[in-house]
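Thanks for coming. I will walk through one model today, starting with a pair of helices and moving on to the ligand, the domains and a sheet.

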Amino acid sequence: MSELLFRQLFPVLREQRLLRDIDIELARTCARFEPDAMMLLAVALVSNELGRGHVCLALSHWPERLTQWLALVPELALALASLLPREVAAHPEPVLSARFADSALVYPVTSPAELPAHGRPFTLFAGRLYLSRYYAFEQFVAGWLQRAAVTNETSAAAGLSQQLVKLFAPQTETDWQAIAVATAARGRFTLISGGPGTGKTTTVTKLLALLVAQSEQPLLIRLAAPTGKAAARLTESISKARQSLAATIPGAWLAGIPTEASTLHRLLGVIPGQPEFRHRAENPLPLEVLVVDEASMIDLPMMARLLAALPPRAKLILLGDKDQLASVEAGAVLGDICQFVTQGISAAQAGRLQQDTGYALQAYVQTAGHPLRDRLCLLRKSYRFDARSGIGQLAAAVNQGNAAAVQAIWSQDFSDIRLHSDEQRLAHAVALAANGYQRYLAHLHQPMDATRAVSLLADFNDLRVLCAVHDGPWGINSMNEAIAQRLHQQGDLVREGDWYAGRPVMITENDYGLGLYNGDIGVAASDGERLRVWFQLPDGHIHGFLPSRLPAHDTAWAMTVHKSQGSEFSHTLLLLPPEMNPLLTRELLYTGITRARQRLDLFATPDVLTRMAGKATERYSGLVTMLETMQRLHDAE
Ligand SMILES: Nc1ncnc2c1ncn2[C@@H]1O[C@H](COP(=O)(O)OP(=O)(O)OP(=O)(O)O)[C@@H](O)[C@H]1O
C-alpha cells in the first residue's frame, strides 16, 4: 500500500501542486518507522497544512480531501480505496484518532494540561494532528493566555477614573477608546483590534501616558512590530499622536513614552543561524510594558517565543486589525483570540469598566464565556474615513461579506474609489501607475543625497500598485516589467541592465548587519557619481547603499497585498486576476482596500469581487479548543 502511495499517488499530487516535495520527503522519512499507509498520508497532509498556514490537520477534513484526490487518479481509485474506508467517511474524527493514536509516531494527548510530548514527532489532540513542535507552541500560547486571562487585576490603581477623565472628555455615545484604556490599565494582557483610523495608536499613546502617570518609578516600556516597515510606521504614528496630544496631556506623562519601535526580531535578539532568540524564559526581556502593533502578522512560533520572553509581571498590549490577512507562516493567533468577542463581556468586567469610565455596558454582558473575552477591545469608529468616504464603506461591506453592498457602492458616486472592469483595464492600470509615479521620478533629475532622499522616498510611497498574485499577467512580476518598460518608453527613466536610476526595490530577507529588513523599500538614484539605493532605516536615518551590498531584493513598482501589510499609501491601485484562485479571499480584498488612505483604483471583475467578499479565510488550529478545555479544567478545580 505504501508503495502505491509513493509511486503512484504522491507524484500525481505533486504534479498538481497539491503536495510539496517537503511533504512527501517527510512522509518518506517516517515510512522507515511506520508501515501504515494511512498514517503516512496523514504525515504528508500535516506538513502540507503547515505550508498553507494551518497549525494542524483537522481530521474531519480527511474524507473531503481524499475524495478530491482519489478523483485525480481514477485508475487507482480501487487500489487506494482503503485510505478512505466507509467508517472513516462516516466518522472521520473518532475513527482516525483511534487509528493514529496507535502509531509509534504519534503522542495522543487527552488534556492540554499534559506536558508536551517528548520524542514523538506528531501529537494528536481533540481530533487534530500536529507536528509536535507546533503542538508545543500552541499549548504554550494557550497556557500563557489562560493564565493572563484568569489573573485579571480586579483592583484598579488609585485615581484611575480621575486620570481617565483627564485623557478622555466625556461623550454621549460609548467611548471605546476609553474602554480599551481602562481594560488595559487593569490587566496583564489586552488585545485592541480596530480597522484603519479607528485610533489604535491614539488609544495606546493615552494608555502609556496613564501607565507612566501611575508608576512611581520610570516605567520600562518597549514598542515593537513584526516587520521593519510596521515598526517604522509605529515610530512615526506614536510621535504624531504624542504631538497631537501634547495640548491635553501633561508633558511629564508623555515624556515617559518611547519614541522608537523595533522589530520583534530585534527586540528578542537574533542569534545568527539559530531559531531561538537571545531573550527567552531564562533571559527575559528587560521591560514592564510591551506594545506590539500589527499583531495579525505574528505567526504561532513567533507568538510563543515572544510570550516566553516576557517577564512574569510585564503587561502586554497587542494592537491589530482582526479582519486583515493572517501571518504568512502558520497560525492566526490574533484572529483565534478574537473569536471570543462573540461572547460579549462578563458582568463583573462591565461593572469595573463602568466604575472606571462611567459608560454602561450592560448591553454587551453575556452570562457564560471564556475570561479572555474580557481582555478584548474592539475600536468600532473610524476617525479617518467619514461617511462620504468610499474606501471606508467598501472596506466595511467586504468585511461583512455583503456582496450586494460591494456591488452597489460603485453607483454611489464616491470620489475616492473607482472600479475598472473593462477589457483594457490591465493596460489602463499600467498607464495610471506610470502617470502616478511622475512626481517621484522628477527627483531623479538632480544628484541625490540623504536630505533629498527623504522626499524621494515619501513621493515613491505615495502610490503603490498591489497585486494578489506573483505570476501571470495580473501578477507582480509581469506588472513590474510592464511599468518599467512603459516608463522607459516614455523616456522617464533609462533602463540599462538590472540597476537603473529610479528602480524601486523591496528587501526580501533580513540583514541585521546593514539594518535592512524583509519588506523595506528603497529606491535607486545617483549621488552624482554612483548609483545608490536609498533607504530610510528604522531609526529614521537615510542611507544610500551600493546596489552590490544589498541583501536579496525584488523590483517594487508593484508588490503583493501580503507584503503591503503594515504599510499605507495615499493612492493604491489594486489588481485582481479575473479567475478565482485559493489566494483570493475576503481578507486579501479588505487588506488591499485598506492600504489606501485617499484614493483606490480597483481593477477587477464584479464576479471576482463578489466571490472574494464571500470567501472568508479559514486557518485551522486548536487554540480556541485548548483555551476552552483549560477553562473547564480551571472551573473544575
Ligand atoms: N477619539 C478621537 N477623536 C477624534 N480624532 C481621533 C480620535 N482618535 C483618533 N483620532 C484621529 O484619527 C486619526 C487616526 O488615528 P490613529 O492613527 O490613532 O488610528 P490607527 O487606528 O492607529 O490608524 P492606522 O490605521 O494608521 O493604524 C488620527 O488623525 C487621530 O488624531
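**A helix pair, a ligand shell, three domains and a sheet**

Helix α8 passes helix α9 in a right-handed crossing, right-handed meaning that the near helix is turned clockwise from the far one by less than a right angle, and left-handed that it is turned anticlockwise. Before going on: this is a predicted model, where local features need pLDDT of at least 70, side-chain atom pairs count only at pLDDT 80 or more, and totals for chains, interfaces and linings use all residues. Residues are numbered from 1 along each chain as its sequence is written. Helices (H or I, at least four residues) and strands (E, at least two) are DSSP runs, numbered from the N terminus.

Back to the pair. α8 covers residues 160-167 and α9 residues 176-186; the angle between them is about 145° and their axes are 11 Å apart. Axes here are lines fitted to C-alpha atoms, for helices over the stretch in contact, with angles from 0 to 180 degrees between N-to-C directions. On the α8 side, L160, L164 and L167 meet A178, V181, A182 and A185 of α9; contact means C-beta atoms, placed from the backbone, within 7 Å. By class, that contact has seven nonpolar, no polar and no charged residues. Nonpolar covers Ala, Val, Leu, Ile, Met, Phe, Trp, Tyr, Cys and Pro, charged covers Asp, Glu, Lys and Arg, and the others, Gly among them, are polar.

Next, the ligand. Which residues are the closest to it? They are P196, G199, T201, T202 and Y383, out of 14 that surround the ligand (C-beta atom, placed from the backbone, within 6 Å). The shell divides into three nonpolar, nine polar and two charged residues. Helices α10 (200-214) and α11 (228-245) each supply at least two of the shell residues.

On to the domains, with bounds from an automatic or database domain assignment. The chain is divided into domain 1 (1-104), domain 2 (144-151 + 162-384 + 620-636) and domain 3 (390-604). The centres of domains 1 and 2, taken over C-alpha atoms, are separated by 40 Å. Seven residues of domain 1 are in contact with seven of domain 2. The domain 1 side of that contact has four nonpolar, two polar and one charged residues.

Last, the sheet. Five strands form an open sheet in the order β11-β20-β19-β12-β18, with parallel pairing; strands pair if DSSP finds at least two bridges between them. β11 (417-420) and β18 (558-560) are at the edges with a single partner strand each, so one side of each has no neighbour in the sheet. From one strand to the next, the twist averages 25°. Four bridges join β11 to β20 (residues 596-603), and I417 stands opposite L600 in β20.

How values were computed: Two residues are in contact if their C-beta atoms, placed from the backbone, lie within 7 Å.
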